[in-house]
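Colleague: I would like to learn how to read surface patches and aromatic pairs in a model.

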Amino acid sequence: MKTTIARTLKTKQSDRLAYAITATFTLAQIAVLMIWGYTPYPDSEGYILLARECLAEGTPFYPTAEQVKELPFIWNVGSINAVILSLKLTGSVYPLLILYSLMKGATALALYLTARRMATARAAMLALLLYVLYPANYGESTSTLSELPFVFFCLWGVVAALGGKPVAAGALMAAGNWFRPMGLVFLVATLAMYYVNKKRRVTNMARLAVGYLLVVFITGTASLAINGRFITQAKTGWMALMQYSWDNDADRSRDSALFSHGDPMYCEEGTLDCVQKDSLWQRNFMTWLRHNPGEYLGQMPEKLVRTYVSDNPNFCTFVSDKGEKEYMYDELSMPSLAHDFPRYSFAQGLAAVNLCYYYLLMAAFMASCVHFIRRGRAVSLALPLGVILAGTAVLLLVGHGEARFHIPFMPFVIITAADYLANKFTADKRSADK
């Protein structure tokens, strides 16, 4: 009885400290936004441009019927609609960026709650500290990019799943997918977790799917009513995959004969809407793939390296004169960091420190996987490894490799590493006591 009461009190103290840390972290996000201002990433600028087009047409919803007809692809639907709402209500994106700052803080809390339910209170607190001390987690809310809201919804979906609320979990993951089309990765990983854990396996898996499909139905129906198409997520994958594969093709002259006009990206203007164009590029990619399976597989190592070699994109926030530079990331690229060493700008210095932190986290994560598998705790890795491996597979199979694409996986890298370090610290302490 006394042990139970002591544990309860300790958990409450840990929770209060976690709330204080996340509140401080959230205020730091807002401070970064106020000091360094909006960061004009190309994608973020594109979201704002499309949002203004919708408002100019008198339709406060993306995509409009006209955009479906004219645009080459559908971008991240939820992200652009969030910009539309902010512009319509306030005339500015800054209220949305403040909301994103709050969401970033709430993501830290979700990480703590996830770690506490997956591991121990000690591991959860360590995971939270690793997360809030990670330099890459500052500055993300200074743009309208999709990763932040996507991770917010999906990680809270994981909290709901671990808390026995599979319908809410599925709904949150589908909401995340509306912002960035990777929600299925979290859904599949959570389904795998339910399957491995066996308890109420079929019921939980079914309810998770119902929650997900419910939000897909709502967002798709809203789109259908406005533009005549059941659109629930971005449709850029096939275009990007075909374009990337074609740009890296070892023998374009040979493969140009496979396509009309010698170009797989060619589409006569005004003949197809963006959904039909997506289908065209899918067919063209499959045609190219049948003739180039080796080329396709040979591009995967480069994609993997490009995805995981660095974690620097968010430091564009701290680049001087970022609004005037054509390509902000050039200053933070790996070649620039190597060339400019040791005479770094402020942003480069932060990026260099962050790289050291990032590589240590990844090393601890890999060590943790080996440790838990050896100790017979492979089941506990079902969710984090499910997200990371499934997400990486998607990026290799249908992606093109960018450093910011691994951002949604980092909470699980941190949680798994923290669980390992907390166990190691406890074991070492016990050994010392003996």
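Modeller: We go through the aromatic pairs and then a nonpolar patch. This is a predicted model, in which local features need pLDDT of at least 70, side-chain atom pairs count only at pLDDT 80 or more, and totals for chains, interfaces and linings use all residues. Residues are numbered from 1 along each chain as its sequence is written, and side-chain values use heavy atoms, with hydrogens and water left out.

Colleague: How many aromatic pairs does the structure hold?

Modeller: Rings of Phe, Tyr and Trp (its six-membered ring) pair if their centres lie within 6.5 Å; planes under 30 degrees apart are stacked, over 60 edge-to-face, and the rest tilted. The structure holds 21 such pairs. In one of them, the ring centres of Trp 36 and Phe 318 are 4.8 Å apart with planes at 85°, so the pair is edge-to-face. Trp 36 is in helix 1 (residues 2-36) and Phe 318 in the loop between helix 15 (300-308) and helix 16 (334-340), 282 residues apart. Helices here are DSSP runs (H or I, at least four residues), numbered from the N terminus.

Colleague: Is Phe 318 buried or exposed?

Modeller: Buried means under 20% relative accessible area, exposed over 50%, partly exposed in between (1.4 Å probe, protein chains only). Phe 318, at 9%, counts as buried, whereas Trp 36, at 33%, is partly exposed.

Colleague: Which residues make the nonpolar surface patch?

Modeller: Patch residues have over 30% relative accessible area and no salt bridge (Lys or Arg side-chain nitrogen within 4 Å of an Asp or Glu carboxyl oxygen), and nonpolar side chains are joined within 5 Å. Met 34, Ile 35, Trp 36, Tyr 94, Ile 98, Leu 99, Leu 102 and Phe 346 make a patch of about 760 Å². Helix 5 gives the largest share, 4 residues.

How values were computed
Helix = DSSP H or I, 4+ residues; strand = E, 2+ residues; numbered from the N terminus. Patch = residues over 30% accessible without salt bridge, like charges linked within 9 Å, V, L, I, M, F, W, Y side chains within 5 Å. Areas by Shrake-Rupley, 256 points an atom, 1.4 Å probe, with all protein chains shown as cover.
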